[in-house]
Structure formats: structure tokens, C-alpha cells
Amino acid sequence: MPEIKVLPEEVVSKIAAGEVIERPASVLKELIENSLDAGASKVEIEIKKAGRGLIRVHDDGRGMDREDLRLALGRHATSKLGVFDDIYSLATFGFRGEALYSVFAVSRLRLTSFRAGADSGYCLEGEGGRVTAELPAPPVKGTTVEAADLFFNTPARAKFMKSDAAERAHLIRAVEEAALANSGAAFRLTIDGAEILNFPVLPGGRWENLKSRAAAIFGKSVYGGLARVEGRTEGMAVYGFVSRPDALSTTRANQHYFVNRRPVSSALLRQALYRGYGHMLTGRHPACALFVELSPGAFDANIHPQKRDVKFSSENEVFKTVSNTVYEELLSKQTAEVSLPSPGAAPDVPAYREALSSPPSAAAETGSLFAAPAASPEAAAAPLPPAADWRSHDLSYLGQLAKSYLIFESGAGLLVVDQHAAQERVLFEKYLEEFDRGGVRVQPLLVPLEAELSRSQMETVLKWRDWLKTAGFEIDQRGPAAALLRAAPSLFYFTPAAFAEFLGYLSEVLGEPEKAAEDMKRSVIATMACKKSVKARDFVRPQEALRLMEDLKRTRDSYHCPHGRPTLFYLSGGDIARRFQRSSAA
Ligand code: ADP
Ligand code: MG
């Protein structure tokens, strides 16, 4: 008697179903994709009992005739793949012919379809993979799939279902992602009779539809903080919406990534997005609807049963294009916002604030943050007006304004510097330089500083104690929820309150389940330390002001503080002349 047995078909089909169909939302995702692959312009979805009762998807796509209807339920039955090689150059969502087969194995299924030119529509009914009825149906354009009593024959799987609320959230997200990625099709979702989503196709094209859908999906306040990004390198395009650096949130719930319109969860894309923010994140998270378009041969969606994960053939290129696009666009938006108003406008605004002119092409300078030259975004904001690089002129110090701004005369006009922003930039880079060299200069504190933390924060701090020591912070435990700072980097000076806040932030960042890259952690710690550490006193002597500018000159991005705010701007001779309505600089 051989010990090895071939599993009966019924068991095989359930095993296969388990891989593709994890929960009601996976059924829904597959059915929506089939509708889109069939060229539907409208997809209507009806859900009952969080998807366990019924998942019904109706589309107006090309439909199936009687023969195809029967074939569609078989394993590896697909109309989307001719030669096997095609699997690497597919433009459709489906290609494995497993979805309907898998859904059929674990539900009571009814498929109704009509293909133009056929005598009539047709309907198949069955359960657990067995067809029980074949009937003619009215000739209604498209296809309707109804999957009822999901997992009725796999009780173990049914037990894995989460609460109705959780399953509903997954179902809604599946429709939201399909609607974001396919703005040319209309979507409507009802759950237990109530309309939850309704996205018609608006006139105005892809961006208009993407905008209105993003507004509905993210909610007004998150949507209001989004900036449009768009960029392109050879063989690859990136576009979508991402949070402005001043509108980040505490969770990453609002992140949607797509590769060739497939929703994916890709650590690479997420890290590339985060890198695009440079030092502006400080432990918070952007919202995004970020689309990557590649030639179908440049990635593999086949490595995951639910096609949720993707493998890129050139990961570096993808990473760089995404991070550069986000970085450049955020930067250009930040700097393009400020422009010289026409003379006479807003008389109540102090002149030095009103006359902000765009800093010169800071992007060129900060391109060094990335290993490769920056990508040129396809539809970037209007190019910044050319302005002199402040570093190429001698400066003479004129004085200080409002204890905050340093005013210099230079060959190119008047240079206005935000003293704190400039100091932060200098500190930030000095500290990172020491850190990277492995030689952070440390100063023991005469009186150690104490900070109250939550227990979990304390745990995180203790876990990272050795790393924090290399960062220049010597921290001891004082009690179950109190930390003691015994030494700190000499570059910084903390008040007790600032230290407590710093440590709170830090434990949040370090406690992230996702392990951030080492250099990311370094810049986060540097950003926060600079922000929290007390700067030199407000008043500066002329030598100190000039010294600061010398230090600033040597930084990698002298135009921005670590959080991305500008450090300085020029008021050129021309700008000044224009305010006096002269034709040229006097
Ligand atoms: P795949 O999408 O990988 O081809 P599926 O099991 O999801 O596999 O579907 C099998 C086949 O059934 C598809 O290739 C397609 O020909 C047909 N089909 C499924 N859903 C629809 C639909 N909504 N409209 C038209 N044809 C469909
Ligand atoms: Mg499919």
C-alpha cells in the first residue's frame, strides 16, 4: 500500500481558495477586477452581513456566453493569457484563472451574464464547486456575480473572520482603492441597503475624478492637506496626492499605493515616500494615493496569492524616482508659494514679510541628499525665478529685526535670514556629521535631567539605550516610568521640559513597529534634538551673525531648516526698484 495519496479535488479546491480568498474583501477585490478586465464602465456592489451573507457585483462589461460561463468556473481557466510568457507582460488584473474557481469552492455562487450577439443571457448556480442549475436569463448587458454564504463549508476559515465592523472596513477599502485607481469607471457600494460610496465618472478626466474621489475617501481635512505630485523617469511614471509636510498625521491609515493600478502594500514604496520628506517627518505619517506606472515586464505581481505584494526588477530606480518626485514637488510647492506681491498690496503686512521672494533653485543643491541626480518632474510647478546663489557674494551685516531676522547686504541685494532656522540647519548638519563619523561629542550634565514617561515609552527608551548612547544621549532609568539624562551631545542644550518632550517624541519614533532605516532614525533624532534644544540667545553680535552665515554656507541645504521651512530669502535690487515703481535698480 503506498502511503502517498493524491488529495481529492474538493480538498484541493478548498486549499486553493484559502490562498486567494482570505476574507470577504478578497472576494470583492477579485470580482471588481474581473469587471474592470471585462471593460466595465460601471460597477455596482451590494453587500449583506459584512460580506458573509452576500457579495453581489454587477457590471456592464463585455459579458460571457454560455460556453465561457461554464469554463470560467474551472481552475486555471482564464481568457487573459495566451502563451505562458504573457504572465510577465500583462495589462489585465487577472491572469491566473483562480478567482472564480476559488470563490465557487467556498460559497453558494450565482453567475449571470449576457454577451452581445448571443441568443439570450445565461445563469449558472452552484455551491461548494458543484454546479446545481443552468438557466437562461434576460439579455442584460454585462455580468452579475453573487457569492452568498461565504465559507459555509469551511467552518475553520469562517472562524478567522474578524468582527463585522472590521470586515466591512476591509470591504469599503477594497472599493475605495478600486475607485482611486480606476477613475474612468463608476462605482457604487451599498451595505445592507444603505449607500456607502457613490463615485460617478465626472467630466474633466483623470485628475478631476481622482480629486473628487480622494476628497470623499480621505475626508475634507486630510484632503485639504494634500499636494499633487507628478514625476517621470525613463520607463516609469509616478503621480498622485501626498500630504504636505505641515499636514502629517499620527497614523498611516490613509496610505494607498498602486502599481499599474493594482493596490499594493509595498515596504519599498512606503520607504521611498518617507524618504521623499527628508527630515520633515519627525515621526508622523503622510497620507497618500500614490500611483506608480511601469511597463508590465518591470514588476512581478505573481509572487503573492492575492497579488498584494509586488517585486520590482529594478528596485533602486523605483525607489529613487518615487522619493525624488515627492521631494522635488514638495520643495517646489513650498518655495513657489511665496512670491513678490504687486506694489501697494496688503499695506498692513510688514514689508519684510510681504516681500518674500523665492529662494533660488534649492533643489539643485539638495539633490546631493540622494545618490543619483534628481528626477525632472513632468508637470512640475512653474520654474522658480532665477536668483543669485547667496553664497557667491560677500555679506555685510546690517542688523537684526524683531530679534529673529538677520539682515545682510550682499552684491545681489538684501538678504534676510531667519536666525533660528539657520541655526537649526547648522546644528543639524554638524550633529549628523559627528554621528556619521561615530564621534558625537558628549557633555556630562552637572545636574542630570529627569523626565516622566509612560511605561511603554520607558521600555522603548531602555531598549534603545545603547543606540542612544552612540547618539550622544546617556539615559538611565530612574523609576518604572522616569528617565534620567546624564549626558547629552555638546552641541545641544536642553531645559528639563524640552528634554521630556524630546524623549517622548523619540520613544514614539523608535517604538514604531516598522524598523526605520538607520539613516532615517539619525535624521529624526537630529531634527528633534535641534528643535528642542535651546538656541543661542536671541541677540547676536555682528561677528556671530557673520560666523553663522559662514557655517550655513557649508551646509548641504542652506535654504531650509531641518523641517523644511526656508532659512533665508533675497530682496533683489530689482525687487526693491519695483516697489518704488522705478524701471530699474538705482
Ligand atoms: P482571471 O481573472 O485570472 O482570468 P477568474 O477566475 O477571475 O480568472 O475569471 C475567469 C474568467 O472568467 C476570466 O478570464 C474572464 O474571461 C471571465 N470572467 C470573470 N468575470 C467576468 C466578468 N465580470 N465579465 C466578463 N468575463 C468575466
Ligand atoms: Mg480574475
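Me: Which side chain has an N or O atom 2.8 Å from an oxygen atom of ligand 1?
Reply: That's Asn 34. This is a predicted model, in which local features need pLDDT of at least 70 and side-chain atom pairs 80 or more, while totals for chains, interfaces and linings use all residues; side-chain values use heavy atoms, without hydrogens or water. Residues are numbered from 1 along each chain as written, with chains lettered from A and ligands numbered from 1 in written order.

Me: OK, and what does Asp 59 do with a nitrogen atom of ligand 1?
Reply: One of the polar side-chain atoms of Asp 59 sits 2.9 Å from that nitrogen. A polar contact here is a pair of N or O atoms within 3.5 Å.

Me: Which residue puts a polar backbone atom 2.9 Å from an oxygen of ligand 1?
Reply: Leu 100 does, with its backbone rather than its side chain.

Me: How much of the ligand's own accessible area does the protein cover?
Reply: 93% of 530 Å² for ligand 1, by Shrake-Rupley with a 1.4 Å probe.

Me: Which elements give two or more residues to the shell around ligand 1?
Reply: Helix H2 (24-37) and helix H4 (99-105). Helices are DSSP runs (H or I, at least four residues) and strands likewise (E, at least two), numbered from the N terminus.

Me: And which residues come nearest to ligand 1?
Reply: Asn 34, Thr 78, Ser 79, Lys 80 and Gly 97, out of 18 around the ligand. To count as near, a residue needs a heavy atom within 4 Å.

Me: Switching to sheets. What's the strand order in the five-stranded one?
Reply: S9-S10-S13-S11-S12, an open sheet with mixed pairing. Strands pair when DSSP finds at least two bridges between them. S9 (226-233) and S12 (262-264) are the edges, each pairing on one side only. From one strand to the next, the twist averages 20°.

Me: How do S9 and S10 pair?
Reply: In the antiparallel sense, over eight bridges, with S10 spanning residues 236-243. Arg 232 faces Ala 237 of S10 there.

Me: Which helix lies across S11, S12 and S13?
Reply: Helix H6 (residues 164-181), at about 55° to S11 (255-259). Contact is heavy atoms within 4.5 Å; axes are fitted to C-alpha atoms, for helices over the contacting stretch, and angles go from 0 to 180 degrees between N-to-C directions.

Me: What about the sheet with S19, S20 and S21, how is it ordered?
Reply: S19-S21-S20, open and antiparallel. The edge strands are S19 (442-452) and S20 (474-479), and neighbouring strands are turned by 20° on average, ignoring direction. S19 and S21 (residues 482-489) share seven bridges, and Gln 443 has Ala 488 in S21 as its bridge partner.

Me: Which helix goes across S20 and S21?
Reply: Helix H14 (residues 455-463), running at about 145° to S20.

Me: Last topic: backbone oddities. What is the phi of Ala 402?
Reply: Positive, about 50°, and Ala 402 isn't a glycine. Most residues other than glycine have a negative phi. Ala 402 belongs to the loop between strand S16 (395-401) and strand S17 (405-410). Gln 581 also has a positive phi, near 55°.

Me: Where is Gln 581 found?
Reply: In the segment after helix H19 (573-579).

Key
Polar contact = N/O pair within 3.5 Å; in protein donor to acceptor, adjacent residues only side chain to side chain.
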